[in-house]
Amino acid sequence: MPSPRRNADGRPLAASASSTSSPGSPAHGGGGGGGGSGRFEFQSLLGSRGPGADPTCARLRASESPVHRRGSFPLAGAGPSQAAPAPLPEEDRMDLNPSFLGIALRSLLAIDLWLSKKLGVCAGESSSWGSMRPLMKLLEISGHGIPWLLGTLYCLSRSDSWAGREVLMNLVFALLLDLLLVALIKGLVRRRRPAHNQMDMFVTLSVDKYSFPSGHATRAALVSRFILNHLVLAIPLRVLVVLWAFIVGFSRVMLGRHNVTDVAFGFFLGYTQYSIVDYCWLSPHNAPVLFVLWNQQ
């Protein structure tokens with residue numbers, strides 16, 4: 001009987017084939033040997049990600065993902081401690097962008113103070129135009145409220161015509177309204193007079209220590225408009241009345257009594273006051289009591 005063929009290590013070929021063709025070998029699709037153990041481990045990994053997987057491990061894997069580390073998607077189970085921080089209160093924030101209106105007002109105030117100091121050439125005897133200071137003080141008296149009020153009352157007492165009394169009585173009403181409004185605004189605003197001003201003004205009251213608005217400017221604008229509308233004057237005299245009003249206002253800045261904006265607002269206020277007086281014009285028809293009492297005196 002012929003002997004079976006042997007392989008290189010002396011084992012029979014049949015035994016070798018049977019051992020290599022065992023049911024667990026890859027040739028037969030079995031699960032034995034190294035291939036079977038590798039397939040089992042792969043299936044166990046798939047099973048660990050199924051419905052029965054550990055939720056703790058799932059959360060750890062989600063937290064380790066690069067997308068979550070960048071903070072693009074917050075965790076679904078994040079608690080209140082991980083919420084976004086509350087914004088700071090409004091008072092704790094620094095205002096780095098001031099409003100345009102605030103910047104404009106501060107710039108206007110700086111220009112006003114600088115220009116008023118430059119134009120205050122008669123603020124003192126040692127100023128550049130100090131020799132003209134007496135003339136400026138005469139203009140100050142010409143625009144003061146007390147001389148105008150006393151002079152109007154005197155003319156009203158000497159008047160013997162109804163038309164003249166009506167005009168002069170309304171001028172008294174305009175002067176009283178001017179004194180009241182100027183004192184009220186000065187008491188509310190309380191703007192100090194320029195630092196280079198000398199407190200040697202003619203007949204000052206308690207509110208005269210304040211600067212805004214200029215009472216001389218309001219009175220000059222009011223009286224000049226009143227005269228131009230109720231007195232028949234030649235053109236040269238009308239020009240002199242307007243020129244007097246502007247010189248009185250400008251002299252307030254030259255003397256250092258007021259800033260430029262005080263005088264500018266004073267002109268506007270005086271011009272507006274005449275419109276109020278004209279609207280509330282006193283006459284024997286709408287205020288007969290005043291005229292009857294004055295005639296009895």
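Here are three short exercises, with worked solutions, on the predicted model above.

**Exercise 1. Find which residues make the nonpolar surface patch of about 870 Å², and decide whether L138 is buried or exposed.**

Solution.
- Step 1: Start with the members of the patch, which are W129, M132, L135, L138, I141, I146, L150, L153, F202 and V203.
- Step 2: Now look at the helices. Both α6 (133–142) and α7 (145–158) contribute, each with at least two residues of the patch.
- Step 3: Pick out L138, which sits in helix α6.
- Step 4: Apply the cut-off: a residue is exposed when its relative accessible area is over 50%. L138 has 57% relative accessibility, so L138 counts as exposed.

**Exercise 2. Place Y271 in its helix and work out which residues Y271 touches, leaving out those up to four places away in sequence.**

Solution.
- Step 1: Locate Y271 in helix α11, which covers residues 260–279.
- Step 2: Check S224 against Y271: 47 residues separate them in sequence, while their C-alpha atoms are 9.1 Å apart in space.
- Step 3: List the contacts. With residues up to four places away in sequence set aside, Y271 touches A221 and R225.

**Exercise 3. Describe the secondary structure of the spans that UniProt gives as "transmembrane region".**

Solution.
- Step 1: Take the spans from the record: an unreviewed UniProt entry places this feature at residues 168–189 and 226–247.
- Step 2: For residues 168–189, the model shows 100% helix and 0% strand, with the end C-alpha atoms 32 Å apart.
- Step 3: For residues 226–247, the values are 82% helix and 0% strand, and the end C-alpha atoms lie 17 Å apart.

Terms used:
Residues numbered from 1 in each chain as written. Predicted model: local features only at pLDDT ≥ 70, side-chain atom pairs only at ≥ 80, totals over all residues. Heavy atoms only, no water. Patch = residues over 30% accessible without salt bridge, like charges linked within 9 Å, V, L, I, M, F, W, Y side chains within 5 Å. Areas by Shrake-Rupley, 256 points an atom, 1.4 Å probe, with all protein chains shown as cover. Salt bridge = Lys/Arg side-chain N within 4 Å of Asp/Glu carboxyl O. Buried < 20%, exposed > 50% of the residue type's maximum accessible area, 1.4 Å probe, protein only. Contact = heavy atoms within 4.5 Å. UniProt positions renumbered as here; feature names shortened; annotations may be inferred.
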